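Please consider how the ligand is held in the model shown here, beginning with its surroundings and ending with its place between the domains.

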Amino acid sequence: RGVPEITEQPAVDHRACGHGKIILLGEHAVVYGSHAIAAPVPLAVRATAQDTNSGGVDMLIPRWGVEYRLHRDPAHRDSFQRSLGIIFDQLELTERSVRIEVFPNVPRAMGLGGSAAMAVAVIRALDQHYQLGLRDDEINALAFRCEEVAHGSASGIDNTVATYGKLLLYKRAAQKGDAPMMRELKLAKRIPLVIGISGKESLTAVTVGKVRNAWQRNPALYDGIFQQIDGLTLQGVEAMQQYDLERLGDLMNICHGLLNALRVSSWEVEELVQIAREHGALGAKLTGGGGGGSIVALCPQNKEKVAAAMRDAGYQAMEVEIG
Ligand code: MEV
């Protein structure tokens, strides 16, 4: 199925990386002001910066065979250059002679926050290299600008988890420029999940755009769905804090149904969700942008069995714990 190889990185150096993430509840609705719960996963993007005498900014992502010279004039940048180019413009580094090497261990376009993790990793590499002294909130704000270019109307949740690497309840600010609400969720016991990776690449910008078109045609109908997702996300916080995994699983299943109603599921995602449920997951849903990408399954008793069934069907699976 062309599922990319992933290797876990349990001990990532927070200062030099951006964290990958899963969204447990609330994706898409979060773009419209609902709450969402997101958690870091043990996958990260690392980046390094080195002085050169090449006379420009060179970006290398060896794993993806990507290599380019950043165009100084933003008007001449393609979509790939545009998102990371903002970092150099904002930090006034476009005139430097530097080589940025990126080591992505978050699979590309799989709904696991790869673009935000990459932005954070590059900002942190530049921060260290030029000793800019950026605070985490500044890193997060700059990564958000990159995400807006990558996703269209990003909520800011991916870059927030990529920066802080914490399990969070998140709600975007009502007004542009205001700070979003983010609350770290502390749990007495970690929650066991399996991430199923479909191998079907999907750009969040595309699914976010699809939902926006549908919402514009009938705002009242879609606002109703977003409100339901908001309600079940808040119930999800309670369920997590009480370690009521049956309830959390129900909420995940219903959330997946609502995401399906938004038409952001896919053939592969549905298969993964079915496999997880048939092998005893209490809840299973797509995670992130959808349209392919990944799912999360809540598996307190049977993580290995669910992961093995996903692999037998040709997908990739990763067992994680959040909290
Ligand atoms: C993507 O990980 C989550 C979405 O809700 C988009 C966003 O919040 O920016 C689909």
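Around the ligand stand 15 residues, of which Lys-21, His-28, Ala-154, Ser-155 and Asp-158 come nearest; a residue is near if one of its heavy atoms lies within 4 Å of the molecule. The model is predicted, so local features need pLDDT of at least 70 and side-chain atom pairs pLDDT 80 or more, while totals for chains, interfaces and linings use all residues. Residues are numbered from 1 along each chain as its sequence is written, and side-chain values use heavy atoms, without hydrogens and water.

Three side chains make polar contacts (pairs of N or O atoms within 3.5 Å) with oxygen atoms of the ligand: Ser-155 at 2.6 Å, Asp-158 at 2.9 Å and Lys-21 at 3.0 Å. The protein covers 99% of the 300 Å² of accessible area that the ligand has on its own (Shrake-Rupley method, 1.4 Å probe).

By character, the shell comprises 6 nonpolar, 6 polar and 3 charged residues, with Gly counted as polar and Asp, Glu, Lys and Arg as charged. Strand 1 (17–25), helix 4 (157–164) and helix 5 (204–217) each supply at least two of its residues; these elements are DSSP runs, of at least four residues (H or I) for helices and at least two (E) for strands. Because domain 1 (14–184) and domain 2 (191–322) both contribute to the shell, the ligand lies between them.

Methods:
Polar contact = N/O pair within 3.5 Å; in protein donor to acceptor, adjacent residues only side chain to side chain. Domains from an automatic or database assignment.
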